[in-house]
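Got your viewer open? Here's a short tour, one selection at a time.

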Amino acid sequence: MLCGSLARADDGTLRIGSKRFTESYILAEVVAQTAAPHAKVEHRQGLGNTAIVLAALKNGSIDVYPEYVGTIDQEILKHGTQDKQPSSLEQMRRELAAMGFGIAVPLGFNNTYALAVRGDAGIATLSDLARQPALRFGLSHEFIGRGDGWPGLARRYGLPQQPRGLDHGIAYEALAARQVDVIDIYSTDAKIARYGLTVLRDDRVYFPRYDAVLLYRLDAAQRFPQAWKAIQGLEGKITERDMIGMNAAAELEGQAFAEVARRWLARQRDDKAGDKGGGTPEPAAARRSLAGVLFGPDLARLTGQHVLLVALSVLLAAIAGIPLGVLAAFQPRLRQPVLAVTGVLQTVPSLALLAMLIPLLGTIGIVPALVALFVYALLPIVRNTCTGILGIAPGLRQAALALGLTSRQRLWHVDLPLALPVILAGVKTAAVMSVGTATIAAFIGAGGYGERITTGLALNDNTMLLAGALPAAALALLTQGLFELIERRLVVAGKK
């Protein structure tokens, strides 16, 4: 609770969040760079779906993030499906104000949901889908679960197909490879033209407008008046063509989100100053090499965050897990319950656990990530501690009792030293596992190598994915080697 309070403390930083898709990253960067001259700014990027970003907004972990009016109406305010007219902005403002939120700064473009097929599919409308039940649907997980997504769409059009979940970052490639036949898209996606797709006409008008706006905490405008005034200057400035171009720069040309935003803002300043394009345009950024991304300027920061997450979580798991293992070893009635509980905790899906921890702890970032990693590190430590102690020869315990040692003395001077190699093996297993599991921390803004992996998933960029996966693999090998070195030293010390 103390950690959560500290995480939410107002340190004078305007925190901008983004969801885990290209456009959200870019818009958040545009907002962050616009506010940066007037306040200390932090972009907490790729936080996940609407539920996670909204939870971060509620508990003050972020102050503002780009959102869409259709999502606010249907998903956040829960106004149901398309059976009625969309709510007005004024109605949404009134309801959001009661929650401490505001909706402002319409950015100037509509990015609606749609379904798309390959250009040679011979389908033009959503109604046509009902007549082809064999079509394979690959839809994003959020779209499948949203009230304004697949459930209502299937009812409106009488669609009999059963969709499979597919990450939006790889959907276009899966469609082009004929692994699926229909995908959900955003109308400003840059890859629509690149892959020659047909966007199916919404002939029964199911999808509402998804005009891009900013959803913010009402106190943010009061805490950062100058920055908020600058952000309001973005109203109506981003056209659909602008957004498609920015998405293309990131997804097709490999430009960093921050660079895409910087270039767009620079063009806006030039236009305001009267330069209508007569100057020399900036050259397009070349796609970065693996080495360039791998050893980029963020490597030290991400490494520090990743090591901190792993070290703290394993330390906490050892502090809790070793006593639990001792208890399980010496209390036969508690052995199976302790091992069963730690085993069940290990089976909880990582993203589900993170999503549950955010409202429980009231924050995003390092605190829920540490709790999740702590939970996953418990089982090998508890099990190995219990196994190591139970494996001690009964004669050694009897000898200790014959020497007059108390139970506590026997534990410290006989049981734990003899079981130490097995306990250490459990800690090693927990540490190596935590290196890989810690990559999920990026989904809730805790950093680490997962930042690169989530960005790579959003862009379907294998270079960025490898730039996150390779350091994680190297750190796992280093962790393994460090523990093996400790084990060898213990063996040498034991022989002496």
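Leaving out residues up to four places away in sequence, which residues does Ala419 touch? Select Ala419 and look around its side chain: you'll find Gly388, Ile389 and Ile392. Keep in mind as you go that this is a predicted model.

**Stop 1: around Ala419**

Widen the selection to residues 407-437 and you have helix α20, the home of Ala419. Is Ala419 buried or exposed? Ala419 counts as buried because its relative accessibility is 0%, and the cut-off for buried is under 20%. Now add Asp270 and draw a distance between the two C-alpha atoms: Ala419 and Asp270 are 149 residues apart along the chain, and 70 Å separates them in space.

**Stop 2: the sheet**

Next, colour the strands β7, β6, β8, β5 and β9. Taken in that order, these 5 strands make up an open sheet with mixed pairing. Go to the edges and you'll meet β7 (164-165) and β9; each has a single partner strand, so one side of each has no neighbour in the sheet. As a reminder, sheet strands pair through backbone hydrogen bonds, parallel or antiparallel.

Zoom in on β5, residues 113-118, alongside β9: the two run antiparallel and are joined by 3 bridges. To see a bridge pair, pick Val117 and its partner in β9, Thr198. Then show residues 168-176, which form helix α8. Helix α8 packs on the sheet, where it touches β5, β8 (182-186) and β9. Compare directions while you're there: α8 and β8 make an angle of about 135 degrees.

**Stop 3: the loop after β9**

Follow the chain out of β9 (197-199) and, before you reach β10 (212-217), stop in the loop at Arg201. Why does Arg201 count as exposed? Its relative accessible area is 51%, and the cut-off for exposed is over 50%. Setting aside neighbours within four places in sequence, Arg201 has contacts with Ala124, Thr125 and Leu126. Try one more distance here, C-alpha to C-alpha: Tyr113 is 88 residues from Arg201 in sequence but 11 Å away in space.

**Stop 4: a nonpolar patch**

Finally, switch on the surface and select Leu308, Leu312, Leu315, Leu316, Ile319 and Ile366, which make a nonpolar patch of about 500 Å². Which helix gives the patch its largest share? That's helix α15 (residues 299-330), with 5 residues. One residue of α15 to click on is Leu312, which counts as partly exposed because its relative accessibility is 31%.

Notes:
Residues numbered from 1 in each chain as written. Predicted model: local features only at pLDDT ≥ 70, side-chain atom pairs only at ≥ 80, totals over all residues. Heavy atoms only, no water. Patch = residues over 30% accessible without salt bridge, like charges linked within 9 Å, V, L, I, M, F, W, Y side chains within 5 Å. Areas by Shrake-Rupley, 256 points an atom, 1.4 Å probe, with all protein chains shown as cover. Salt bridge = Lys/Arg side-chain N within 4 Å of Asp/Glu carboxyl O. Helix = DSSP H or I, 4+ residues; strand = E, 2+ residues; numbered from the N terminus. Buried < 20%, exposed > 50% of the residue type's maximum accessible area, 1.4 Å probe, protein only. Contact = heavy atoms within 4.5 Å. Pairing = 2+ DSSP bridges. Axes fitted to C-alpha atoms, helices over the stretch in contact; angles between N-to-C directions.
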